[in-house]
Amino acid sequence: AHRYGKRIDTWACGIIMHMILTGKHPFVVKGDTEKAYIQRISTANLESYVTELSPLASSLFWHLCSRGAVDRYSSH
């Protein structure tokens, strides 16, 4: 069983923020399968997919969506 919590909520907030600001999901590529999407967010250089945000919005986005728990905002 998967245990979801505040870390995934933080990630989701970053994705939603990106979609509100740009009108598109930051990491989904047209024609993606679920497997391709999961592989991309697990291994790809995600920075290359997020290019349309201002520096301030980009900083916030990466603090919400960083793969590394140390770099991601926490809710402690």
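Start by selecting Phe27 and Trp62: both are buried, where buried means under 20% relative accessible area, exposed over 50% and partly exposed in between, with a 1.4 Å probe and protein chains only. You are looking at a predicted model, in which local features need pLDDT of at least 70, side-chain atom pairs count only at pLDDT 80 or more, and totals for chains, interfaces and linings use all residues. Residues are numbered from 1 along each chain as its sequence is written, and side-chain values use heavy atoms, with hydrogens and water left out.

**Stop 1: the aromatic rings**

Keep those two residues on screen. The structure holds four aromatic pairs; rings of Phe, Tyr and Trp (its six-membered ring) pair if their centres lie within 6.5 Å, and planes under 30 degrees apart count as stacked, over 60 as edge-to-face and the rest as tilted. The Phe27 and Trp62 rings form a tilted pair, because their centres are 6.2 Å apart and their planes stand at 40°. This pair links distant parts of the chain: Phe27 sits in the loop between H1 and H2, and Trp62 in helix H3, 35 residues apart. Helices here are DSSP runs (H or I, at least four residues), and strands are E runs of at least two, numbered from the N terminus.

Now add Phe61, which is buried, as is Trp62. How are the rings of Phe61 and Trp62 arranged? Their centres are 4.9 Å apart and their planes are at 80°, so this pair is edge-to-face. Add Trp11 as well, and you have the cluster that ring pairs make from Trp11, Phe27, Phe61 and Trp62.

**Stop 2: helix H3**

Next, show H3 and colour Ala57, Ser58, Phe61, Trp62, Leu64 and Cys65, which are buried. Look down the helix axis: these buried residues fall within an arc of 160°, so they line one face of H3. The arc is that of the directions from the helix axis to the C-beta atoms. As background, an α-helix has 3.6 residues a turn, so residues three or four places apart point the same way.

What do the buried residues of H3 pack against? Switch on H1, since that is their partner. Then turn to the face of H3 away from its buried side, where you will find the exposed residues Pro55 and Leu56.

**Stop 3: Gly14 and His18 in H1**

Select Gly14, which lies in helix H1. Gly14 counts as buried, with a relative accessibility of 0%. Leaving aside neighbours within four places in sequence, Gly14 is in contact (heavy atoms within 4.5 Å) with Phe61, Leu64 and Cys65. Measure C-alpha to C-alpha from Gly14 to Phe61 and you should get 5.2 Å, although the two are 47 residues apart in sequence.

His18 also lies in helix H1, and it is buried, with a relative accessible area of 2%. Not counting residues up to four places away in sequence, His18 touches Gly23, Lys24, His25, Pro26, Val50, Leu53 and Phe61.

**Stop 4: Val50**

Follow that contact to Val50, in the loop between H2 and H3. Val50 is buried, at 10% relative accessible area. Beyond its neighbours within four places in sequence, Val50 is in contact with His18, Pro26, Phe27, Phe61 and Trp62.

**Stop 5: helix H2**

Move to H2 and pick out Tyr37, Arg40 and Ile41, which are buried. They cover an arc of only 90° around the axis, so they sit on the same side of H2. What covers these buried residues includes H1. On the other side of H2, Lys35 and Thr43 are exposed.

**Stop 6: the largest pocket**

Finally, select Tyr4, Arg7, Ile8, Trp11, Ile41, Ser42, Arg67 and Arg72, which line the largest pocket. On a 1 Å grid over the protein atoms alone, a pocket is an open set of points with protein on both sides within 12 Å along at least five of seven lines, and lining residues have an atom within 4 Å of a point. Helix H1 (6-22) and helix H2 (34-43) are the elements that give two or more residues to this lining, and H1 supplies the largest share, three residues. The pocket holds about 260 Å³ of space, a volume being the space filled by probe spheres set on the grid points, which are joined across faces, edges and corners.

Definitions and conventions:
On a 1 Å grid over the protein atoms alone, a cavity is a set of points where a 1.4 Å probe fits but cannot get out, and a pocket is an open set with protein on both sides within 12 Å along at least five of seven lines; lining residues have an atom within 4 Å of a point.
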